[in-house]
Amino acid sequence: MKRGTGKNGEHLYPAFPYSSYSLLKTSDVRDLWAYMQTVPASATPSKPHELKFPFSIRLAVGGWKFLYFKPHEFVADATKSAAWNRGAYLAEGPAHCAECHSPRNALGGVEAGKEYAGAPNLEKGGRFASNITPSKDGIGDWSEQDITDFLKSGTDKCFNEPEGMKDVVASTSKYSDEDAVAMGVYIHALPVKDGNGKQKTC
């Protein structure tokens, strides 16, 4: 969870978003493990990786980590409110919002300075992960409450139900009201970043 390594010390592929999970408090990771121990085992076997060369070389993931993985536990910003800090912890860590909503370079690293500005969602065959900064092609006309309501209901301020967010909302809808509000506070305060004009939600 925090170092991107398997039980035998092997490098894990960053499709598992440990770049974000590294921010989690160790106590929270232990709580997650305690919960996962209660989940019934699945009889469906894991599928093998189907990566093409050179991405099929697991050792090369170590090089990727050297370039793009900077593990560090979340540190609160004393100049911000308690709600903003809680929202930052949730969005940057367990919710890993930037992992999908940021463009990546040819090696799969998030493009510096473009976090949250929107990106192609490769798993959806050409759909886009929206720009969720308060820009004109993002969610500039959304209020903190609009964001909070979306995280809880999955319906945006234009009464759309974005297809690509269903799995995410299945999780965020279970957030406490306080945590959902905190996420709304943090995302609403993100710095404005222009995307490519294709991501606007409504």
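This tour moves through a predicted model, from the whole chain to single helices, then to a pocket and two loop residues.

**The whole chain**

Begin with the full chain in cartoon view, where the secondary structure comes to eight helices and two strands, and follow the elements from the N terminus in the order α-α-α-α-α-β-β-α-α-α. If you colour by burial, 33% of the 202 residues count as buried. Of the contacts between residues at least 6 apart in sequence, 64% join residues at least 24 apart.

**Helix H8**

Next select residues 177–188, which form helix H8; its twelve residues reach 16 Å from the first C-alpha to the last, close to the 16 Å expected at 1.5 Å a residue. Show the side chains of Asp179, Ala180, Ala182, Met183, Val185, Tyr186 and Ile187, which are among the buried residues of H8, and mark Gly184, which is buried as well. To see what surrounds them, add H4, H5 and helix H6 (144–153), against which the buried residues of H8 pack.

**Helix H3**

Move on to H3, residues 60–68, and pick out Val61, Trp64 and Lys65, which are buried. These residues lie on the same side of H3, because they cover an arc of only 100° around the axis. With H1 (18–21) also displayed, you can inspect the packing of the buried residues of H3 against H1.

**The second largest pocket**

Now turn to the second largest pocket, in which about 460 Å³ of space lies. Centre the view on Ser19, Tyr68, Glu99, Val110 and Glu115, which are the closest to the pocket centre of the 18 residues that line it. Helices H1 (18–21), H3 (60–68), H4 (82–92) and H5 (97–100) each give two or more residues to this lining. Coloured by residue class, the lining divides into eight nonpolar, five polar and five charged residues.

**Two loop residues with positive phi**

Finish with two backbone positions, starting at His96 in the loop between H4 and H5, where phi is near 40°, a positive value in a residue other than glycine. His96 counts as partly exposed, because its relative accessibility is 22% and the buried class is reserved for values under 20%.

Then select Tyr116, in the loop between H5 and strand E1 (119–120); its phi is near 75°, again a positive value in a residue other than glycine. Is Tyr116 buried or exposed? Tyr116 is buried, with a relative accessible area of 4%.

Key
Residues are numbered from 1 along each chain as its sequence is written. This is a predicted model: local features need pLDDT of at least 70, side-chain atom pairs count only at pLDDT 80 or more; totals for chains, interfaces and linings use all residues. Side-chain values use heavy atoms; hydrogens and water are left out. On a 1 Å grid over the protein atoms alone, a cavity is a set of points where a 1.4 Å probe fits but cannot get out, and a pocket is an open set with protein on both sides within 12 Å along at least five of seven lines; lining residues have an atom within 4 Å of a point. Grid points are joined across faces, edges and corners, and a volume is the space filled by probe spheres set on the points. Helices (H or I, at least four residues) and strands (E, at least two) are DSSP runs, numbered from the N terminus. Ala, Val, Leu, Ile, Met, Phe, Trp, Tyr, Cys and Pro count as nonpolar, Asp, Glu, Lys and Arg as charged, and the others, Gly among them, as polar. The expected span of a helix is 1.5 Å times one less than its number of residues. Buried means under 20% relative accessible area, exposed over 50%, partly exposed in between (1.4 Å probe, protein chains only). Contact means heavy atoms within 4.5 Å. The arc is that of the directions from the helix axis to the C-beta atoms.
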